Amino acid sequence: MTAPLDLFPITARIDRGGRLWLGGCLARDLAREFGTPLYVYDAETLLARAREARSALDAYPGPHRLAYAGKAFLCLGLAQILQREGLDLDVTSAGEMAVARAAGFPPERVHLHGNSKNVAELTAALEWGIGTIVVDNLHELRLLGQLTAGRQAPQRVWLRVAPGIDVHTHPHRKTGLLDSKFGLTLETGEAAAALEQAQRMAGLQVTGLHAHIGSQVFEPEPFARATGLLLDLAASVGFTPQELSPGGGWGTATGPAELDLPLAAYGEAIARTAVERCTRHGFPLPTLVIELGRAIVGPAGVALYRVGSRKEIPGVRTYLALDGGMGDNIRPALYGARYTALAADRASAPPEEIVTLAGRYCESGDIIARDVPLPRLQPEDLIAVPRAGAYCLAMSSNYNLVPRPAVVIVRDGKVLSLQRRETAPDLLARDLPLPPDWDQ
Ligand SMILES: Cc1ncc(COP(=O)(O)O)c(C=O)c1O
């Protein structure tokens with residue numbers, strides 16, 4: 001069990017008045033200044049997590065690199081911070097690539113992922129000089145072969161392999177199974193055939209192999225197994241990898257029922273297997289590249305909401321409706337993710353009731369957190385949801401045409417705006433009016 005305040009950023013404090021502080025800023029003041037819902041990132045936690053992730057592979061005697069998986073949450077300021085920290089960046093679309101460019105990421109530190117990259121995206125990546133393209137399937141391999149034919153310098157690529165490893169996580173978060181839309185299948189021989197084929201393509205330089213077996217996986221062993229299978233695959237076709245990536249997906253608690261493992265526990269298991277298998281196959285140690293999203297940004301983010309209405313169903317449940325919900329955090333609806341919450345201005349008050357925090361969107365599944373013990377709250381009271389830094393805003397939508405929240409980062413009592421709140425004009429910006437003669 002993880003205690004509620006343990007889930008908050010490392011700078012989180014409750015003062016004598018029971019008020020929550022984040023990064024030296026009073027949550028109540030942030031909510032007043034920027035409105036709610038508000039996503040608050042704590043710079044100290046972000047940097048501490050990035051540094052812990054970077055040293056997770058210190059047990060590995062070979063070279064290693066950390067990439068931030070931008071899909072967990074990407075905006076310009078965050079990308080700039082992680083760029084300065086020296087991380088690589090893993091992008092999945094032309095949009096994420098545009099943020100990487102704007103943030104000043106050198107292209108050689110960027111990896112392009114995706115199971116359905118289109119010609120425009122591949123062309124943009126090639127023209128930018130992107131470091132690595134992670135080839136997901138045979139169609140993409142053929143396309144890349146055509147797009148790179150005749151190039152002077154071959155494009156560095158990895159092949160993404162679906163290694164057939166089952167992991168304990170929600171079915172929607174399993175990505176390495178035989179029956180998966182991602183990657184070249186190991187069991188059927190597709191991955192081996194693609195590897196042989198790719199090595200013969202003049203415009204490509206295959207530098208490594210990659211697998212991402214799933215997300216929110218709270219055990220290191222499957223990642224070690226994936227590492228071993230990638231090296232076995234390489235050996236089976238006589239390919240010596242310069243780089244090897246067992247992806248990301250290391251579990252990160254979002255509620256009290258989950259427990260974080262030290263990131264080094266994953267790194268050590270991967271390192272051990274990599275060394276053992278490289279020795280067995282006679283490979284020099286490749287550069288290990290891990291790609292972490294949630295483990296870096298998840299714990300740094302807190303969502304602040306205001307309470308709206310209250311609905312009591314005697315003997316059944318009490319709902320408190322919030323001013324946000326699935327539009328900014330769809331994870332409970334999508335994956336059954338379990339979050340918890342604190343009353344940000346009454347954080348030391350004893351719990352008086354168990355409530356379900358419902359979102360404001362027109363879906364019954366729009367629940368932010370179930371069965372949360374809280375003091376009795378009134379409309380306008382402030383709720384803080386920890387561990388909201390990953391895959392919340394990244395998957396946000398304008399469902400019900402609700403503007404998306406503002407994002408700020410706090411540090412040493414100072415607050416900086418990273419993204420302003422969306423406005424009604426933003427929501428209308430892409431819409432075109434009917435011409436006056438439409439019904440004539
Ligand atoms: C290819 C790849 N790498 C890394 C990640 C990062 O996963 P996580 O944020 O769970 O660490 C993902 C997430 O879906 C992914 O698809």
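These exercises work through a predicted model.

**Exercise 1. Helix H2**

Task: Compare the expected and actual span of H2, then find which residues of H2 are buried and where they point.

Solution:
- Start with length. H2 covers residues 43-54, twelve residues in total.
- At 1.5 Å a residue, H2 should span 16 Å. Its end C-alpha atoms are 16 Å apart, so the two values agree.
- Next, burial. Thr-45, Leu-46, Arg-49, Ala-50, Ala-53 and Arg-54 are the buried residues of H2.
- These residues cover an arc of only 165 degrees around the axis, so they sit on the same side of H2.
- Finally, partners. The buried residues pack against strands E4 (38-42), E5 (64-69) and E13 (287-292). They also pack against helices H3 (76-84), H9 (263-281) and H10 (294-297).

**Exercise 2. The ligand shell**

Task: State which residues come nearest to the ligand and how the shell divides by class.

Solution:
- The ligand has 17 residues around it. Ala-69, His-212, Ser-215, Gly-248 and Gly-293 come nearest.
- By class, the shell holds six nonpolar, seven polar and four charged residues.
- By element, E13 and H10 each supply at least two shell residues.

**Exercise 3. Two domains**

Task: Give the bounds of domain 1 and domain 2, and describe their contact.

Solution:
- Domain 1 takes in 4-42 + 299-427, and domain 2 takes in 113-292.
- Their C-alpha centres lie 35 Å apart.
- Across the boundary, eleven residues of domain 1 are in contact with nine of domain 2.
- The domain 1 side of this contact has seven nonpolar, two polar and two charged residues.

**Exercise 4. Gly-298**

Task: Locate Gly-298 and decide whether Gly-298 is buried or exposed.

Solution:
- Gly-298 is in the loop between H10 and strand E14 (301-313).
- Count neighbours. Gly-298 has 27 C-beta neighbours inside 10 Å, so it counts as buried.
- Contacts beyond four places in sequence are Thr-252, Arg-387, Gly-389 and Ala-390.
- Ala-72 is 226 residues away along the chain, yet its C-alpha atom is 8.1 Å from that of Gly-298.

**Exercise 5. Backbone angles**

Task: Examine the peptide bond from Thr-36 to Pro-37, then phi and burial at Glu-380 and Arg-387.

Solution:
- The bond from Thr-36 to Pro-37 is cis, with omega near -10 degrees. Pro-37 is in the loop between helix H1 (27-34) and E4.
- Glu-380 has phi near 85 degrees, a positive value in a non-glycine residue. Its loop joins strands E18 (367-374) and E19 (382-385). Glu-380 counts as exposed because it has 11 C-beta neighbours inside 10 Å.
- Arg-387 also has positive phi, near 60 degrees. Arg-387 lies between E19 and strand E20 (406-411), in a loop. With 27 other C-beta atoms within 10 Å, Arg-387 is buried.

Notes:
Residues are numbered from 1 along each chain as its sequence is written. This is a predicted model: local features need pLDDT of at least 70, side-chain atom pairs count only at pLDDT 80 or more; totals for chains, interfaces and linings use all residues. Helices (H or I, at least four residues) and strands (E, at least two) are DSSP runs, numbered from the N terminus. The expected span of a helix is 1.5 Å times one less than its number of residues. A residue is buried if 20 or more other C-beta atoms lie within 10 Å of its own, exposed if 12 or fewer, and partly exposed in between; C-beta atoms are placed from the backbone. The arc is that of the directions from the helix axis to the C-beta atoms. Two residues are in contact if their C-beta atoms, placed from the backbone, lie within 7 Å. A residue is near a molecule or strand if its C-beta atom, placed from the backbone, lies within 6 Å of it. Ala, Val, Leu, Ile, Met, Phe, Trp, Tyr, Cys and Pro count as nonpolar, Asp, Glu, Lys and Arg as charged, and the others, Gly among them, as polar. Domain bounds come from an automatic or database domain assignment.
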